[in-house]
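Grab a viewer and work through a few short exercises. Try each task yourself before reading its solution.

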Amino acid sequence: MESALGQPNFISVAFFFLFVVLTLGITYWAAKKTKSSSEFYAAGRSITGFQNGLALSGDFMSAASFLGISGMVALKGYDGIIYAVGWLVGWPALMFLLAEPLRNLGKYTFADVLAFRLKQKPIRIVASIGGILVTITYSIAQIVGSGKLINLMFGLSYEVAVVIVGGVMLLYVLFGGMIATTWVQIIKACLLLFGVTLLVILSLSVFGFSLENLYGGVESKFGRAALEPGGLVANPIDAVSLGLALMFGLLGLPHILMRFYTVPDAKEARKSVAYATTFIGYFYIIIPIVGFAAAVLIGREQIAGIDKGGNMAAALLAELLGGTPFLGFIAAVAFATILAVVAGLTLAAASTISHDLYFNVFTEGKASEEKQVSVAKKATVVFSIVSILLGILFKDQNVAFMVGLAFAIAASGNFPALFLSILWRGFSTMGGVWSILVGSISATAFIILSPTVWVDVFKFKEAIFPLKNPAIVSMSLAFIVAFVFSKLFPDMNAKERYESEKVRVYLGVGAE
């Protein structure tokens, strides 16, 4: 099959511009409504549970989900589904463990929850370090993905593609704040769900709408092994570690946690997770069908020939089944996916810098609303420039390991401290500070020393750290350090405030 990938494609360009024009129109509308810091960071707490559920799913269904999982299933078979299951399983945990406490205790960022009963300055400083580490690594992965995508779709150079993505994303956040970002997420989620559903229907039509025929085709072409575990992760400890990172990493992602402040109350926060779980669950159930269909109809050699990681499997399948127009639509949807996720990440980083560091640490809560928003906008520009430069620097790196790094840092650095601050009376400021530092730093160090980076990227013969994903070790370290330091350096004030925190968590008394 001859593919149009790599040549400028008029229909792709038309869909791409249509999406950008539509979303910039929303940004213009949102800019008129965005005056206060609450509107910039939290959309004035005016988003309904259903809207926020769509926006959450839009924030979460990234390029790694859409392009990565379908490609992984196409090339590696059954084991590619591990990522889909791992990312989905985190959502019920988020609903039952964190959604309500976050909404009732916080204001704009997850550090608000930690700072509710712990000492403000030290905890906000380390929480900011953990939060920015996660957002920057996650956004590099998205930007590298978008550069490769536009490079293949429009024939533009990688560097130009990265600058375009960074520029459009900057406009969304700078002028529209959370209101614009939320509506961009909602539109993108609807487009993605529609595009993937259509792709699955067209794929199944080839096999007489029978999954049995599809899996029979996989078995006859690649053998029974393609439908059995072991193609991607053979070591059981590695599999558990990857599962922990994917599940609990979600509960520490700043741009996801931040969405709970956009709804009016805890009831809507719970609703939004229920809706998000439904949309994301549906998406992850059908996305492996795209991967298997691509493997049978196109072949692994051709998919790997265009992109070693298999990231173009969905685009190639769209072209085969729906011609250039459908390829153009799927390419524009993939691009919209990346833009929306990066906008959410940028806003999370900007709010961390302006709300946690500038407002609460440097000015000790004395800065005006206008000044806060002004600092947030400056932080947005800086974060965008840094992301673009790092995206260009990491051009040839594996994006999967960047996403894995973000999830491992979130699961090890942010989640243990957040979880313990809500549930354990004896949790102290020192326990929180050291838990975040040890979790974040150990996760980063272990990934650099793991086979994924030490062997595959740095080309050393043997990895110093044996596991591909360090979450099982770094997350355990974070919990142990939190316990030990909380016992060694107890915090009487934190213990006393625990009762008032409990009342606010469960009854919402005093929540904004």
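What follows is a set of exercises with worked solutions on a predicted model.

**Exercise 1. Check the length of helix α1 against its residue count.**

Solution. Start with the count: α1 covers residues 10-33, which makes 24 residues. Next, apply 1.5 Å a residue, taken times one less than the number of residues. That gives an expected span of 34 Å. Now compare with the model: the end C-alpha atoms sit 35 Å apart, which agrees with the expected span.

**Exercise 2. Find which residues of α1 are buried, and say which helices they pack against.**

Solution. Use the cut-off first: buried means under 20% relative accessible area. In α1, the residues that pass are S12, F16, F19, V20, T23, I26, T27 and A30. Then look at what surrounds them: these buried residues pack against α7 (120-154), α8 (158-206) and α14 (313-362).

**Exercise 3. Work out which parts of the chain the R259 and D59 pair ties together.**

Solution. Begin with the pairing idea: side chains of opposite charge can pair when their charged atoms come close. Here the side chains of R259 and D59 form a salt bridge, at 3.8 Å from N to O. Place each partner: R259 is in the loop between α11 (254-257) and α12 (266-297), while D59 is in helix α3 (residues 49-60), so the bridge ties together parts 200 residues apart in sequence. As for exposure, both R259 and D59 are buried.

**Exercise 4. Do the same for D356 and R124, then look for a network around them.**

Solution. The closest N and O atoms of D356 and R124 are 2.6 Å apart, and the two form a salt bridge. D356 belongs to helix α14 and R124 to helix α7, so this pair links parts 232 residues apart in sequence. Both D356 and R124 are buried.

For contrast, take the salt bridge between E228 and R224, at 3.6 Å from N to O. E228 is partly exposed, with a relative accessible area of 37%. R224 is exposed, at 52%. Back to the network: salt bridges with shared partners join D112, R124 and D356 into one. Across the structure, there are 11 salt bridges.

**Exercise 5. Is S421 buried or exposed, and what is it in contact with?**

Solution. Locate S421 first: it lies in helix α16 (residues 399-423). Its relative accessible area is 1%, so S421 is buried. Now set aside neighbours within four places in sequence; S421 is then in contact with V113, L114, R117, F427 and E501.

Methods: Residues numbered from 1 in each chain as written. Predicted model: local features only at pLDDT ≥ 70, side-chain atom pairs only at ≥ 80, totals over all residues. Heavy atoms only, no water. Helix = DSSP H or I, 4+ residues; strand = E, 2+ residues; numbered from the N terminus. Buried < 20%, exposed > 50% of the residue type's maximum accessible area, 1.4 Å probe, protein only. Contact = heavy atoms within 4.5 Å. Salt bridge = Lys/Arg side-chain N within 4 Å of Asp/Glu carboxyl O.
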